[in-house]
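Visitor: I'd like to learn how to read a model like this one, feature by feature. Can you walk me through it?

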Amino acid sequence: IRYCDWSSDVCSSDLDSNLLTGKRVPRDISDVRGNVIIRKGSVITPEILKSAIFHNKLFELTVTVLNAD
């Protein structure tokens, strides 16, 4: 599966999905208006990845999760 967010030129390949899927989110991820779109403690699923991409937050989610390990 490959998801692309053309507004920020970010793509999530199978490798990215495998890297994040099943991990827990260490803190809330919010959209530009401050609305929490991914809650702290959520287990990352393909649906959460799609939401992060939709809200241009895939990079933030990736960095946040990988830096928590």
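Guide: Sure. Keep in mind that this is a predicted model. Let's start with charges: R27, K57 and E60 are linked in a network of salt bridges.

Visitor: How many salt bridges does the structure hold?

Guide: Two. In one of them R27 pairs with E60, with the closest N and O atoms 3.0 Å apart. That pair ties together distant parts of the chain: R27 sits in the loop between helix 1 (14-20) and strand 3 (29-30), while E60 belongs to helix 3 (residues 58-68), 33 residues apart. E60 also forms a salt bridge with K57, and here too the closest N and O atoms are 3.0 Å apart.

Visitor: Which members of that network are buried and which are partly exposed?

Guide: Buried means under 20% relative accessible area. K57 has 14%, so K57 is buried. R27, at 37%, is partly exposed, and E60 is partly exposed as well, with 23%.

Visitor: A buried lysine catches my eye. Where does K57 lie, and what does K57 touch?

Guide: K57 is in the loop between helix 2 and helix 3. Leaving out residues up to four places away in sequence, K57 touches I29, S30, D31, I37 and A52. As for polar partners, the K57 side chain makes a polar contact with the side chain of E60, at 3.0 Å.

Visitor: Let's turn to helices. How do I read the pattern of buried residues along one?

Guide: Begin with the general idea: an α-helix has 3.6 residues a turn, so residues three or four places apart point the same way. Now take helix 2 (residues 46-54), where the buried residues are I48, L49, A52 and I53. Looking down the axis of helix 2, you find these buried residues within an arc of 140 degrees, so they line one face of the helix.

Visitor: And which residues are exposed on the other side of helix 2?

Guide: E47 and F54 are exposed there.

Visitor: What does the buried face pack into?

Guide: Look at the largest nonpolar core, which has 12 residues: L20, V25, I29, I38, I44, I48, L49, A52, I53, L58, L61 and V65. Helix 2 and helix 3 each supply at least two residues of this core, and helix 2 gives the most, with four. For a close-up, pick I48: setting aside neighbours within four places in sequence, I48 is in contact with I38, S42, V43 and L61. Among those, I38 and L61 are also listed in the core.

Visitor: One more feature, backbone angles. How should I read phi?

Guide: As a rule, most residues other than glycine have a negative phi. So a positive value deserves a second look.

Visitor: Which residue following helix 2 has a positive phi?

Guide: That's N56, with phi near 60 degrees, a positive value in a residue other than glycine. N56 lies in the loop between helix 2 and helix 3, and K57 lies in the loop between those helices too.

Visitor: Is N56 buried, partly exposed or exposed?

Guide: N56 counts as partly exposed, at 43% relative accessibility, whereas K57 is buried at 14%.

How values were computed:
Residues are numbered from 1 along each chain as its sequence is written. This is a predicted model: local features need pLDDT of at least 70, side-chain atom pairs count only at pLDDT 80 or more; totals for chains, interfaces and linings use all residues. Side-chain values use heavy atoms; hydrogens and water are left out. A salt bridge is a side-chain nitrogen of Lys or Arg within 4 Å of a carboxyl oxygen of Asp or Glu. Buried means under 20% relative accessible area, exposed over 50%, partly exposed in between (1.4 Å probe, protein chains only). The arc is that of the directions from the helix axis to the C-beta atoms. A polar contact is a pair of N or O atoms within 3.5 Å; within protein, one must be able to donate a hydrogen and the other to accept it, and residues adjacent in sequence count only if both atoms are side-chain atoms. Contact means heavy atoms within 4.5 Å. A nonpolar core is a set of buried Ala, Val, Leu, Ile, Met, Phe, Trp, Tyr and Cys residues joined through side-chain atoms within 4.5 Å.
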